[in-house]
Amino acid sequence: MDVSIIAVGTELLFGQTVNTNASYLSNKLNLMGFNVMYHFVVGDNQGRLQAVINRAMTDSDIMVFTGGLGPTQDDLTKETVASAMGVPLVRDQECLKEIEDFFKSRGHDMTENNYKQADLPEGCTVFHNKVGTAPGFGLDVNGKIAICLPGPPREMTWMFEHCARPFLEDYSHRAMCYRVIRTIGIGESELETVLLPLIDEQQDPTIATYAKEGECTLRIASQRDDPAEALRAVDEMTGLVTKLIGKYIYSYEDKPLNQVVVEKLIERGITISCAESCTGGKFAASITDIPGASGVFSHGAVTYSPQAKMDVLGVKKDTLDRYTVVSRETAIEMARGIRMRSGSDISVSITGVAGPDPSDGYPAGTAYIGYSYGNREGCMKVSTGRGSRRWNRHYFTLRMFKIVNEILDNAVEESEEIPDGGENE
């Protein structure tokens, strides 16, 4: 069955409130086997809401509304929905008592406009609100279904899980299974080209690629009558995808790279340290974003100036004079220095030019990432070809994590990394 999600509220159009309800509902409804076809956002205007409902009723079997169930004059969702579906509003006495009790329990007087919250479409299934005052409902009229939920995310999620989901289960006859795979080191166009033999022949399961900043994600989805069959189809396609792009995959569970790395470090009892220049501590901050990092993260040093590299890390002045600050030799000495001072199992370093302007003859987006582990030291050069300081710092940090991930998987190789020309931005 096809679904339209309709968010009601002028504050959404003004950008005062982010519409997180739509992403939550899309995820939940797709997993239930429904096809979410449209997202609508409409202000608190009855005429425009009526026009959106007319469109949604034409193109969808199910309409899921959020917002506009409050007590004020601009809360018009249920009135407009009831009118569009040809059903009168009637006062629900049980809901009225729940609203009265809500105000009494908080020692507040119930104003006259709160009474309208107990007016609901005749014949609907009432969704009692245990975390707020606005009840919702499910309504089925001639095969068209309307679900109305409160706008505040806390109330909406509670009501969906406890009321709307059970109501909709009677209409859900298929199960959706999907897996989100994360990759780094391959651009979206190249990713699609490599996977084209699978994409061209896809029916179910389906493959979709998405570009993110500095990486790409891949979603494999299957919708079947039997959830176990859907899972098997996704597993089989995942195997085929892995054969083609396995070296670029770092997560089959939609986990960010910093989480993948920190969890591996914790699982294996391996400690890490870092020395950063152009990233300004972003790598260290990304490690400590993950719970449990204190058990594996030893030291982090931001050595921005040449003097700091010498004083804190022991980088030789001769190295800086001969090879400059932005060099393979400097990066390796930085990694060696922080590892010696921290006693960590792995160390990683970076020195480069974040931009937007060139520096010391190096274009913006140039960096050297050094590493040290076991008896091995090495360096990778990264060249983004971009002048965006923010993007370069983000990408450099990702590449640092990629190197550590490869060290943990025993797959690290020294190479020059030059990503595709800009599609991942």
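Here are three short exercises with worked solutions on this predicted model.

**Exercise 1. A strand in the middle**

Task: Work out whether strand β16 (residues 366–373) is enclosed or open, and which strands it pairs with.

Solution:

Step 1. Start with burial, which here means under 20% relative accessible area. Eight of the eight residues of β16 fall in this class, so the strand is largely enclosed by the rest of the structure.

Step 2. Now take the two faces in turn. In a regular strand, side chains alternate between the two faces of the sheet. In β16, one side carries Thr366, Tyr368, Gly370 and Ser372, and the other carries Ala367, Ile369, Tyr371 and Tyr373; all of these are buried, which leaves both faces covered.

Step 3. Look for the neighbours. Strand β15 (residues 346–353) pairs with β16 in the antiparallel sense over eight bridges, and Gly352 has Ala367 of β16 as its bridge partner. Strand β17 (residues 376–383) is also antiparallel to β16, again with eight bridges. Here Ser372 is matched with Glu377 of β17.

Step 4. Finish with the connection. Two residues lie between β16 and β17, which form a hairpin, and Gly374 in the turn has a positive phi of about 55°.

**Exercise 2. Reading a sheet from edge to edge**

Task: Find the strand order of the open four-stranded sheet that contains β9, and name its edges.

Solution:

Step 1. Write down the order: β10-β11-β9-β12, with antiparallel pairing.

Step 2. Pick out the edge strands, β10 (206–212) and β12 (249–251), each of which pairs on one side only.

Step 3. Add the geometry: from one strand to the next, the twist averages 35°.

Step 4. Zoom in on one pair. Strand β9 (residues 175–183) and strand β11 (residues 215–224) run antiparallel and are joined by nine bridges. Within this pair, Thr183 has Cys216 of β11 as its bridge partner.

**Exercise 3. Describing a pocket**

Task: Characterise the second largest pocket by its volume, its central residues and the make-up of its lining.

Solution:

Step 1. Begin with the volume: the second largest pocket holds about 360 Å³ of space.

Step 2. Go to the centre. The lining has 27 residues, and Glu11, Gly67, Gly68, Gly151 and Pro152 are the closest to the pocket centre.

Step 3. Trace the lining back to secondary structure. At least two residues each come from β1 (2–8), α1 (10–13), α2 (20–31) and α6 (153–169).

Step 4. Sort the lining by chemistry, with Gly counted as polar. The result is ten nonpolar, twelve polar and five charged residues.

Note on methods
Residues are numbered from 1 along each chain as its sequence is written. This is a predicted model: local features need pLDDT of at least 70, side-chain atom pairs count only at pLDDT 80 or more; totals for chains, interfaces and linings use all residues. Side-chain values use heavy atoms; hydrogens and water are left out. On a 1 Å grid over the protein atoms alone, a cavity is a set of points where a 1.4 Å probe fits but cannot get out, and a pocket is an open set with protein on both sides within 12 Å along at least five of seven lines; lining residues have an atom within 4 Å of a point. Grid points are joined across faces, edges and corners, and a volume is the space filled by probe spheres set on the points. Buried means under 20% relative accessible area, exposed over 50%, partly exposed in between (1.4 Å probe, protein chains only). Two strands pair if DSSP finds at least two bridges between them. Axes are lines fitted to C-alpha atoms, for helices over the stretch in contact, and angles run from 0 to 180 degrees between N-to-C directions.
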